[in-house]
Each structure stands twice: as structure tokens, then as C-alpha cells.
Amino acid sequence: ALEYRDIAYELAYGIAKLVGPRAKHLTPETTYAEIVGWLKSEGAFADSLELVELVIAAEEELGSAFELPDKLAAHPDRVTFRDLVLRQAKSQNRRGR
């Protein structure tokens, strides 16, 4: 659906601003853990940030689409970019957007 494509584009654009050229490797199956790894390796945030701080900084930059409930955050290798897009679409539909 067009709505999903728009959300995916918006989220991918935000990720690209943070990770640079690595974003071209982003696919629907790319995991949350991989994206966070890109953030860390690109030095998108201060090297001294712990992983939790890094994720919080990314959430602030990328908005609610990058926020995960605790049960999902415990397994970032199981959450894909597609999941992030679907969660964001569901969230926007609930807000009546």
C-alpha cells in the first residue's frame, strides 16, 4: 500500500541521514540490531555512548517508529525494518492520520 511505502521511505530517509551510505543496504529484512550496529560503526553518535544510550538517541532522531516496547527491545535481532514500518503504520492509524 502507498501508506506503507511512504512510511518506509520516511524511516529509511531518517536512517540514511544517520548512517550514510550503509542505508543502501537497508531491506525489509534488515534487523533492528543491524541498524543499531550501523549507527555505532558510522559514529553517528558519540563513541562513548553505551548501546542503550545509542538507541535512545536514535529514537529521538527517528521518532516513534524506532521505539520498541521492552519485550521487542530485548530481541533486536528478531525485529526487522518491515516490522518498524508496520508498527508505525498501526500507530498512525490509531492516531487517525
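**An all-helical fold and its nonpolar core**

The protein exposes about 6,100 Å² of surface, of which carbon and sulfur atoms supply 52%. The model examined here is a predicted one. Five helices and zero strands were assigned to the protein, so that the order of elements from the N terminus on reads α-α-α-α-α. Of the 97 residues in the protein, 36% are buried. Among contacts with a separation of 6 or more, 54% join residues that lie 24 or more positions apart.

We can turn next to the interior. The largest nonpolar core holds 25 residues, and those touching the most other members are L11, I15, Y32, I35, F66, F81 and L84. Two or more residues come from each of α1, α2 (32-42), α3 (51-62) and α5. Helix α1 gives the most to this core, with six residues. I35 offers a helpful view of how the core is put together: leaving aside neighbours within four places in sequence, I35 is in contact with I15, L26, T30, F66, F81 and L84. Four of these names, I15, F66, F81 and L84, also appear among the core residues that touch the most other members.

Helix α5 (residues 81-94) deserves a closer look. With 14 residues at 1.5 Å a residue, this helix should span 20 Å, and the 20 Å between its end C-alpha atoms agrees with that expectation. The buried residues of α5 are F81, L84, V85, Q88, A89, S91 and Q92. Viewed down the helix axis, the buried residues of α5 fall within an arc of 165 degrees, and therefore line one face of the helix. The general geometry of helices helps here: an α-helix has 3.6 residues a turn, so residues three or four places apart point the same way. On the face of α5 turned away from the buried side sit the exposed residues K90 and R94.

The loop between α4 (70-73) and α5 contains T80. T80 counts as buried because its relative accessibility is 16%, where the cut-off is under 20%. Not counting residues up to four places away in sequence, T80 touches P28, E29, T30 and T31. T30 is thus a shared partner, being in contact with I35 and touched by T80.

Helix α1 also contains A12, which is partly exposed, with a relative accessible area of 22%. Apart from neighbours within four places in sequence, A12 is in contact with L26 and F81. Both L26 and F81 are contacts of I35 as well. A12 and T27 are 15 residues apart along the chain, and 9.4 Å separates their C-alpha atoms.

Finally, a search of the whole structure for aromatic pairs finds one. The pair is formed by Y9 and Y13, whose rings are stacked, with 6.3 Å centre to centre and 20 degrees between the planes. Y9 and Y13 are four residues apart in helix α1 (residues 2-19), and are therefore separated by about one helical turn. Y9 is exposed, with a relative accessible area of 60%, whereas Y13, at 47%, is partly exposed.

Methods:
Residues are numbered from 1 along each chain as its sequence is written. This is a predicted model: local features need pLDDT of at least 70, side-chain atom pairs count only at pLDDT 80 or more; totals for chains, interfaces and linings use all residues. Side-chain values use heavy atoms; hydrogens and water are left out. The expected span of a helix is 1.5 Å times one less than its number of residues. Buried means under 20% relative accessible area, exposed over 50%, partly exposed in between (1.4 Å probe, protein chains only). The arc is that of the directions from the helix axis to the C-beta atoms. Rings of Phe, Tyr and Trp (its six-membered ring) pair if their centres lie within 6.5 Å; planes under 30 degrees apart count as stacked, over 60 as edge-to-face and the rest as tilted. A nonpolar core is a set of buried Ala, Val, Leu, Ile, Met, Phe, Trp, Tyr and Cys residues joined through side-chain atoms within 4.5 Å. Contact means heavy atoms within 4.5 Å. Accessible areas come from the Shrake-Rupley method with a 1.4 Å probe; for residues, only the protein chains shown count as cover.
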